[in-house]
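User: Hi! I am new to reading protein models, and I would like to learn how to do it step by step. Could you walk me through one?

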Amino acid sequence: MALAEILNRVRAAERTAGRSDGSVTLIAVSKVQPADRVERVLAEGHRVFGENYVQEAAGKWPAWRDSFGPLELHMIGPLQTNKAKLAIDLFDAIHTLDRPSLAQKLAGLQQARGSLPRLFIQVNTGEEPQKAGVLPADLSAFLRDCQAMDLSPVGLMCIPPEGEDSAPHFALLARMAADHGLTGLSMGMSGDFESAIAHGATHIRVGSAIFGARTYSPA
Ligand SMILES: *Cc1c(COP(=O)(O)O)cnc(C)c1O
């Protein structure tokens with residue numbers, strides 16, 4: 001079964017990197033996967049999942065939480081400000097805090113309810129114009145703005161440019177996190193999670209290697 005194989009590879013990568021067993025959290029990315037594939041992985045005991053679309057996640061996870069018990073849900077896709085309220089009620093972590101307007105929105109929601117999911121700041125390490133994320137040069141200022149709003153992000157997240165070696169991006173993200181005293185590192189996907197673990201990833205986001213290819217990819 002794919003989940004067991006991926007978990008074995010994660011443990012092996014932790015050991016190779018001299019890291020303790022379980023220091024890496026495997027987020028099973030279930031976006032647009034058929035329900036039976038997700039239920040198989042739930043039945044095998046996995047309890048940490050990632051989704052990209054708030055509406056899609058809101059449509060399927062409450063029922064799975066009811067039938068399978070406590071589980072941890074991570075928002076890893078771009079978050080529209082008008083979906084932030086729904087998102088914080090559903091998710092345990094948001095990996096895509098990527099702009100001041102979203103920070104402001106989340107800060108307001110935090111004041112109203114007293115808490116927020118754990119926050120990761122998405123960094124556009126490849127400085128790609130079409131990609132979301134704070135530019136590396138802007139991270140310090142963005143973190144100061146977050147702190148002024150009483151937000152305390154726990155880590156950084158990146159999606160390296162497609163078709164490029166991701167290792168330098170992982171190294172850059174790890175260095176930026178260390179420079180700012182942040183302990184969370186959300187990086188690594190199906191094709192490169194072992195390299196991400198070698199570079200210090202605390203959260204890897206693996207979809208197709210666990211569930212199989214996604215049957216379609218919405219825009
Ligand atoms: C879809 C997605 C993943 C999982 O990608 P795979 O290549 O299927 O492992 C990871 N991170 C983000 C941000 C994604 O959108």
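User: Let me start with one residue: is E127 buried or exposed?

Analyst: Good place to begin! Keep in mind that this is a predicted model. The general idea is to look at relative accessible area, where over 50% counts as exposed and under 20% as buried. E127 has a relative accessible area of 52%, so this residue is exposed.

User: Where along the chain is E127 found?

Analyst: E127 is in the loop between β5 (118-122) and α6 (139-148).

User: What should I look for in the backbone angle phi of E127?

Analyst: Start with the general rule: most residues other than glycine have a negative phi. E127 is not a glycine, yet its phi is positive, about 50 degrees. D150 also has a positive phi, near 75 degrees, and is likewise a residue other than glycine.

User: Where is D150 found, and is D150 buried or exposed?

Analyst: D150 is in the loop between α6 and β6 (155-157). Its relative accessibility is 59%, so D150 counts as exposed.

User: Now a residue in another loop: is D98 buried or exposed?

Analyst: Use the cut-off of under 20% for buried. D98 has a relative accessible area of 11%, so D98 is buried. You will find D98 in the loop between β4 (93-97) and α5 (100-113).

User: Which side chain does D98 join in a polar contact?

Analyst: For a polar contact, we look for a pair of N or O atoms within 3.5 Å. The side chains of D98 and R99 are joined by such a contact, at 2.8 Å.

User: Let's turn to the ligand. Where does the ligand sit, and how many residues surround it?

Analyst: The ligand sits in the largest pocket. Around the ligand there are 13 residues, and the closest are K31, N52, S190, G207 and S208. By type, this shell divides into six nonpolar, four polar and three charged residues.

User: Which atoms of S190 and K31 should I look at beside the ligand?

Analyst: Look at the side chains. A polar side-chain atom of S190 is 2.5 Å from an oxygen atom of the ligand. For K31, an N or O atom in the side chain is 2.7 Å from a ligand oxygen.

User: What part of S208 lies 2.8 Å from an oxygen atom of the ligand?

Analyst: For S208, look at the backbone: one of its N or O atoms there lies 2.8 Å from a ligand oxygen. As for cover, the ligand taken alone exposes 390 Å², and the protein buries 88% of that.

Key. Residues numbered from 1 in each chain as written. Predicted model: local features only at pLDDT ≥ 70, side-chain atom pairs only at ≥ 80, totals over all residues. Heavy atoms only, no water. Near = heavy atom within 4 Å. Polar contact = N/O pair within 3.5 Å; in protein donor to acceptor, adjacent residues only side chain to side chain. Areas by Shrake-Rupley, 256 points an atom, 1.4 Å probe, with all protein chains shown as cover. 1 Å grid on protein atoms, 1.4 Å probe; cavity = no way out; pocket = protein on both sides within 12 Å on 5 of 7 lines; lining within 4 Å. Sits in = over half its atoms within 2 Å of the grid points. Nonpolar A, V, L, I, M, F, W, Y, C, P; charged D, E, K, R; others polar. Helix = DSSP H or I, 4+ residues; strand = E, 2+ residues; numbered from the N terminus. Buried < 20%, exposed > 50% of the residue type's maximum accessible area, 1.4 Å probe, protein only.
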